[in-house]
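Biologist: Can you take me through this one? I'd like to start with the ligand and then look at one of the helices.

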Amino acid sequence: MKNVILTGMMGCGKNTLGARVASMLGLPFEDMDAFIERSEGMTISEIFARHGEEYFRDRETEAVMALCKYPEGKIIAAGGGAPLRAANLEIFRKTGVVVFIDRDPSLIVKSLDTETRPLLADGPEKFFDIYDRRIEIYRESADIVLENHGSLAQGADKLAEIVRGIRLSNMRLAVIGDPIEHSLSPNIHLPILREYCLNPACDKVHVRRDGLGDWVKRVREEGVDGFNVTMPHKAGIMEFLDEIHPEAEFFQSVNTVVNKGGRLYGYNTDAEGFVAALEDRGVEVRGSRALILGAGGAAGALSLKLALCGAESIVILNRGSEKAEKIAASIRELAPSIKVSTGGFDTITISEYCRHTDILINATPLGMAGSDAGFKDLSFIDSLPKTAFVSDLIYSPPMTEFLHKAESLSLTFQNGLDMLIYQGIIADEYYLDIKIDRAKAARRVRLALGGKIDNV
Ligand code: NAP
C-alpha cells in the first residue's frame, strides 16, 4: 500500500485522526512535527524562535525525505507548511496518496492553544490569512479532500474509509514456492480481489530456501501488500516475520503473509479453509469422529483445527509413529477433553478405526497426479458407516482411487479443490481486512477456474 499523507492547517485533525485510524487499521503512524522535534531536540516554537522559519522548512524537507521513504504503507501527518515546497510535494506524490483534511478555520481557532503555536502568536486574524493563502495549494496538491467539519468520530470514520479505499487500489500480491509454476494461487485470488480492488496483481515468484531472506527484504522495500506461501516454505518463512497468529504458531505453518506498513504478519488459512470446505457440504465437525491418514504438515494443521472446532475424537494413522504422536501430544495440550489415538498405516488398523469414523481424510500424497505411489488396498473404506464423509486433500486428479472407492459405496465425498479455494478466500480476508461472503466467492472462483480442475 502507498503511504497516506495527511495535509492541512495546524489543528485540522491530521494527528488526531491519523493516529486513531492507524490504530484502527493496524498501520504505522508518523507525526512529522514530532519527528522534527525529536531530531532537533527542541519544540517547533523553539526552532522558529532560535533559527527562523527558513531553517525550520529545511528540516521539514529532511523529515519528508526520511518519513516517506520505504517501507510504504504508513499514515503520515505532514507539517502544515510542508506542501508549500514543490520538492516536498514531489516526494509526497511519488510515495503516497495526499489527503487534505479541510476544517473550517473558525472551528480550528476555537480549539487551538495560541500560546504554543508560533503561527497563531499574532492572533486569529493572521491564522485566517494563512488559511486563505494556503487553501488553493492544499486543494490542488491533494488527491483526496476530506471535509472535517463534524465530530472526531465522524472524521475518523471518513478517513478510515479513505484509507481502506487506498489500500484496495493497486493491491499487489504474490505467491512464493519451489517449484511455483504449477500454482493455482493467482487463478483463485484474482477473481476475488477484482470484486474489491482496482488493478490487483498476484505474481508467481520462484523462491528457494536460501532466498527467503532476500524475498522478505524485497517485500518490505517494494511495498508488496502480501504473499501466499506454498511448499516447501510454510515453516521456513516463520523466522522472517514480525508477528505470527497464535493458530499459525501452533501449527508451525504460515501460508499467508500480510504487509502492514513494513511489518509482516503471518497466518495459516489452510486448516480453516478445510473446515470451511466441509461446511460448504453441510458436514458438521462439532461432535464428529475424525480419522486422518498421514501425519505431515497438512495433517497436523487439520487435526489441531478439528480439535479447536470441537471434534469428539481424532485418530491419526501414519507409517511412522513419531510424527503422529507429536500431533497427538499437541492436541492433548490444546484440548484435553478430546479423545486422541494414533496408530500404524496397515489396512487392518485403518479398517478397525474406520468402523467408528464420521469423517475420513486422506492427508497423504497417495494417488496424487505425478506420483507413482497409490493406496495398495482400499478395502478399509468398506468398514466406514454409511453416513461417513470421505475427504481427499488431493485435487489433481479430481477423482482419486480413494474417492472412486467412496463413490462406489455411495458415500458422500469431496476432493481438495474446495479446501484450496477457501484457504485463498480466507487469505484475501486478511489481505483486504474485510469479511467476504465465502460461499459466493467460492462459486465465483469455481466459475473462473472454468473446469481447470473439477470440484467433486
Ligand atoms: P507432507 O508434509 O509431506 O506429509 C505427507 C504425509 O504423507 C506424511 O505423513 C507421510 O508419511 C505420508 N506419506 C507419504 N508417502 C506415503 C506413502 N507412500 N505411504 C504412506 N504414507 C505416506 O505433505 P502435506 O503438506 O501434509 O500434504 C499432504 C497431502 O495434502 C498432499 O497430497 C498435498 O497435495 C495435500 N494438500 C492439499 C491442500 C489443499 O489445499 N487441497 C493443502 C495442503 C496439502 P511419513 O510421515 O511416514 O513420511
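**Ligand shell and helix H5**

Modeller: Helix H13 (297-308) and helix H17 (417-432) each give at least two residues to the shell around the ligand; helices here are DSSP runs of H or I, at least four residues, and strands are E runs of at least two, numbered from the N terminus. This is a predicted model, where local features need pLDDT of at least 70, side-chain atom pairs count only at pLDDT 80 or more, and totals for chains, interfaces and linings use all residues. Residues are numbered from 1 along each chain as its sequence is written, and side-chain values use heavy atoms, with hydrogens and water left out.

Biologist: Which residues come nearest the ligand?

Modeller: Ala 295, Gly 297, Ala 298, Lys 323 and Gly 416, out of 22 around the ligand (a heavy atom within 4 Å).

Biologist: What lies 2.9 Å from an oxygen atom of the ligand?

Modeller: A polar side-chain atom of Asn 318. A backbone N or O atom of Gly 297 also lies 2.9 Å from a ligand oxygen (polar contacts are N or O pairs within 3.5 Å).

Biologist: OK, helix H5. Which residues are buried there?

Modeller: In H5 (residues 86-95), Asn 88, Leu 89, Phe 92 and Thr 95 are buried, meaning under 20% relative accessible area, with exposed over 50% and partly exposed in between (1.4 Å probe, protein chains only). They fall within an arc of 145° seen down the axis, so they line one face of the helix; the arc is taken from directions between the helix axis and the C-beta atoms.

Biologist: And what does the face turned away carry?

Modeller: The exposed residues Ala 86, Glu 90 and Lys 94.

Definitions and conventions:
A polar contact is a pair of N or O atoms within 3.5 Å; within protein, one must be able to donate a hydrogen and the other to accept it, and residues adjacent in sequence count only if both atoms are side-chain atoms.
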